[in-house]
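Q: Please take a close look at the part of this model that surrounds the ligand. I would like one connected account that then sets this part within the chain.

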Amino acid sequence: MTPQQNVSLRRFNTLDLEARAAAFVTVHNEDDLLQALHWAKKRKLPVVPLGEGSNVVLAGDLEALVLHQQSKGREVLAREGNSVLLRIAAGEGWHDLVGWCLAAGYHGLENLALIPGTVGAAPVQNIGAYGVELASIIRCVHARSLVDGSLLRLDNAQCEFGYRDSVFKHRLKEAVVITAVEFELRVSPCTHTEYPSLKQYLRDHCQPKPTPRDVYEAVVSLRSARLPDPRQEPNAGSFFKNPVLSERSFEELKILAHDVPGFPQAGGAMKVPAGWLIDRCGWKGRRQKNQGVHNEHALVLVNYGNRSGADLLAFAAEIRDSVERTYGVTLEIEPTCYGQST
Ligand SMILES: Cc1cc2nc3c(=O)[nH]c(=O)nc-3n(C[C@H](O)[C@H](O)[C@H](O)COP(=O)(O)OP(=O)(O)OC[C@H]3O[C@@H](n4cnc5c(N)ncnc54)[C@H](O)[C@@H]3O)c2cc1C
């Protein structure tokens, strides 16, 4: 296991941006990982873990050892009553895991079908879709310190999960590499069908009591019809988080945009669709040089041939400034940015 040096990361990020890593290594197991950490320590290089690169913006070269997690393994740790405990290695593909669990009769992941990426990256931003967040299913996360190689086990509370957020984006950012995740799933069929578009789809296409497979197929169908495939239109999914506003800020926003949708959150806060605000500011479908906002998804920025992440971030800043000027709401970028401050 010797890392390669000066490696292009273009095929390792779904935005198809050009950036180079000072060093790059694929790790398949604990031995590879320990050797890689030792190699980086000797050269005083920081280490950046990377999965499928579906939630990063590479805005410059990385003076780091990029650690491409490819470790595999799915283990049933325990089965008790209605629950099953699984330990899944970080390099497993997320969507493959969802399909495998469904086939095995382990339920709870169906709403998260077809989200790109690896299992190891999923807790980093607490992936969520169609009314379910990963935080509701995770028992604990296993990781290794990038500083001294020691092992860590973080239980659900220690992961400090929030909306598209966790401790891995803050205190533990670039401090650990996640090696495995434990999930607690249900053995008896259970479904989450309250999310409006999912509910409507199931009402139109399924029997009155949808099964977990119905939910899985509905999510796959809804996502395939709606979301641009990064292989055809390079993107990183939602580029901005949906802002969560206090009750007062939401009332102020309603004065400027009386029909703005709001989804109630704990403590009276309101989540507002960032895509709605971007659309209202006239950005949907707009192209600037080789980048643009998708025609049908105002939240998705598409790279039409631009190689520079810095240019893409400048474009995103224009959108953010225009929403702020018009509605007084500050949008936050969802993917993790490297190589340039935002
Ligand atoms: C078309 C499309 C649709 C999407 N839809 C959704 C959606 O519905 N819901 C949603 O939540 N997200 C969505 N995403 C975002 C993305 O799929 C998720 O964030 C996913 O978990 C990223 O996985 P990855 O392996 O590609 O991570 P990467 O992009 O490789 O990495 C993301 C971050 O996690 C860190 N990281 C990666 N692996 C590890 C590890 N093993 N240990 C420590 N840190 C690590 C990286 O350093 C980086 O900071 C979408 C993206 C695309 C392109």
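A: A residue counts as buried when its relative accessible area is under 20%, as exposed when it is over 50%, and as partly exposed in between. The model is a predicted one, and what follows should be read with that in mind. By this rule Ser-166, at 1% relative accessibility, is buried; it belongs to the loop between strand S11 (151–155) and S12, and its side chain reaches the backbone oxygen of Pro-123 at 3.3 Å.

Turning to the ligand itself, the shell around it is made up of 34 residues, with Pro-49, Gly-51, Ser-54, Thr-118 and Ile-178 as the closest. Sorted by class, this shell holds 17 nonpolar residues, 14 polar ones and three charged ones. Oxygen atoms of the ligand also come within polar reach of the protein. One such contact is made with the backbone, where a ligand oxygen is 2.8 Å from a polar backbone atom of Asn-55. Side chains take part as well: a ligand oxygen is 2.7 Å from an N or O atom in the side chain of Thr-118, a residue that is also listed among the closest to the ligand, and a ligand oxygen is 2.7 Å from an N or O atom in the side chain of Tyr-338. The ligand on its own has 980 Å² of accessible area, and the protein covers 93% of that.

Which elements give two or more residues to this shell? They are strand S3 (47–50), strand S8 (128–129), strand S12 (176–186) and strand S19 (336–338). Of the contributions to the shell, the largest share is that of S12, with three residues. In terms of domains, the ligand lies between domain 1 (4–69) and domain 2 (74–226), because both of them give residues to the shell around it.

Some of these strands also serve as landmarks for residues in the adjoining loops. The loop between helix H1 (30–42) and S3 contains Lys-44, which has a positive phi of about 55° although it is not a glycine; with a relative accessible area of 76%, Lys-44 is exposed. Lys-42, in helix H1, likewise counts as exposed, at 62% relative accessibility. The C-alpha atom of Lys-42 is separated by 15 Å from that of Glu-63, the two residues being 21 apart along the chain. Gln-69 is part of strand S5 (residues 62–69). With a relative accessible area of 6%, Gln-69 is buried, and its side chain makes a polar contact of 2.9 Å with the side chain of Ser-71.

On the approach to S8, Gly-108 sits in the loop that runs between helix H2 (94–104) and that strand. Gly-108 is buried as well, because its relative accessibility is 8%, a value under the 20% limit. Between the C-alpha atoms of Gly-108 and Pro-208 there are 19 Å, for a separation of 100 residues along the chain.

Further along the chain, Glu-233 is placed in the loop between helix H4 (212–226) and strand S13 (244–245). Its relative accessible area of 24% makes Glu-233 partly exposed. Glu-233 and Val-302 are 69 residues apart in sequence, yet their C-alpha atoms are 6.1 Å apart in space. Lys-289, in the loop between strand S16 (287–288) and strand S17 (291–293), also has a positive phi, about 50°, without being a glycine, and a relative accessible area of 74% marks Lys-289 as exposed.

As for the chain that frames the ligand site, seven helices and 19 strands are found in it. Its C-alpha atoms fill a box of roughly 60 × 55 × 35 Å along the principal axes. A compact globule of 342 residues would have a radius of gyration near 20 Å, and the 21 Å of this chain agrees with that. Over the chain, 52% of the 342 residues count as buried.

Notes
Residues numbered from 1 in each chain as written. Predicted model: local features only at pLDDT ≥ 70, side-chain atom pairs only at ≥ 80, totals over all residues. Heavy atoms only, no water. Near = heavy atom within 4 Å. Polar contact = N/O pair within 3.5 Å; in protein donor to acceptor, adjacent residues only side chain to side chain. Areas by Shrake-Rupley, 256 points an atom, 1.4 Å probe, with all protein chains shown as cover. Helix = DSSP H or I, 4+ residues; strand = E, 2+ residues; numbered from the N terminus. Nonpolar A, V, L, I, M, F, W, Y, C, P; charged D, E, K, R; others polar. Domains from an automatic or database assignment. Rg over C-alpha atoms; globule rule 2.2 N^0.38 Å. Buried < 20%, exposed > 50% of the residue type's maximum accessible area, 1.4 Å probe, protein only.
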